[in-house]
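Work through these exercises with the model open. Each task is followed by its solution.

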Amino acid sequence: MRLVSFSTGAGARLGVLVDGVVVDLREAYAKLGAPLASSRGIREIPLDMVAFLNIGEAGMNAARLVERAVRDRDPRLNNPHICFDEGSVKLLAPVPVPTKIVCIGLNYRDHCEENNKPIPERPIIFAKFSTAVIGPGDAIVRPKLTRQLDYEAELGVVIGRAGKHISIKDAPDYIAGYTIMHDVSARDIQFGDGQWVRGKTFDTFCPMGPALVTPDEVGDPHNLAIRAVLNGRVMQDSNTGNMIFNCYYLVSYLSQVFTLQPGDCILTGTPGGVGAFRQPPVWLEPGDTITIEIEKLGSLTNPVVDEA
């Protein structure tokens, strides 16, 4: 199942993407009369992804019911105010305001090699803030403070259930799904500061999308092709199997320190091929278009502009 946040010009809504059609989950669920059909159902689907994830399995079951009805061409959903052609709506970041954004550095072997760094003995952790999040098609803004703007293709893990001290074995049960995330980085600030947060969390430095794809549709998250394509040129080309610390280990590791909550997003690191370590370096410039592609998740494209 592919869950999306979207807008038709009248505020954000929650939807499910089915074969190029975006279905308004709240309106579709109400049309199906689902709350009346089961005492275990939910009365109404929220408009916000974090609120939806907090409902837990009941929310996911409601979304699956809507998805099945769309695939079965249920006539009750034959309504232009419920079903929209994907190209007619604005897709937003699937989780527009994450509860936490936790990032992992140096988590691909090929990236450590190009960086001339040893393989880390434990995950390197930093953070972005929710003000950095943008959606598909939104502009990455190059701040006035940097001229070394870099791209980093990353697999994003979205938490769907609160937990602490989670075992690696149980970690999959806490994952709502996966999405494409882009760890945009101001390298001169990152390297100059000696720590990473400021150079990583400017506004617009966390593109996300196009959908939150549930684990049943993704399969093994550690065997997905991942690429970054800059103006049509492939810059990063790897596989999530090259992670040093995999998704389940990271969920467990982080949960030993702080409670993971529905709507938390974990960026799992980037493979080799970033601009900073190319010879000569390749920086994002105004007028560029950068696309991150991950197998089974789709593609996330954003233009680059200068700060006004």
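**Exercise 1.** Which residues in α4 are buried? Find what they pack against, then check the length of the helix.

*Solution.* The model is predicted. Start with burial, meaning under 20% relative accessible area. In α4, G59, M60, A62, A63, V66, E67, A69 and V70 meet that cut-off. An α-helix has 3.6 residues a turn, so residues three or four places apart point the same way. Next, take the contacts. The buried residues of α4 pack against β1, β2, β3, α1, α3 and β12. Now the length. Helix α4 covers residues 57-71, 15 residues in total. At 1.5 Å a residue the expected span is 21 Å, and the end C-alpha atoms lie 21 Å apart, so the two agree. Finally, look past the helix: R73 follows α4 and has a positive phi, near 55°.

**Exercise 2.** Is strand β1 enclosed or open? Examine both of its faces.

*Solution.* Six of the six residues of β1 (residues 2-7) are buried, so the strand is largely enclosed by the rest of the structure. In a regular strand the side chains alternate between the two faces of the sheet. In β1, one side carries R2, V4 and F6, and the other carries L3, S5 and S7; all are buried.

**Exercise 3.** Which strands do bridges join to β1? Give a residue pair for each.

*Solution.* Take β2 (residues 12-18): five bridges, antiparallel. Here V4 stands opposite G15. The β1-β2 hairpin has four residues between its strands, and G9 takes a positive phi near 105°. Then β14 (residues 206-213): two bridges, antiparallel. L3 partners L212. Last, β5 (residues 90-91): two bridges, antiparallel. S7 stands opposite K90.

Note on methods: Residues numbered from 1 in each chain as written. Predicted model: local features only at pLDDT ≥ 70, side-chain atom pairs only at ≥ 80, totals over all residues. Heavy atoms only, no water. Buried < 20%, exposed > 50% of the residue type's maximum accessible area, 1.4 Å probe, protein only. Pairing = 2+ DSSP bridges. Expected span 1.5 Å × (residues − 1). Contact = heavy atoms within 4.5 Å.
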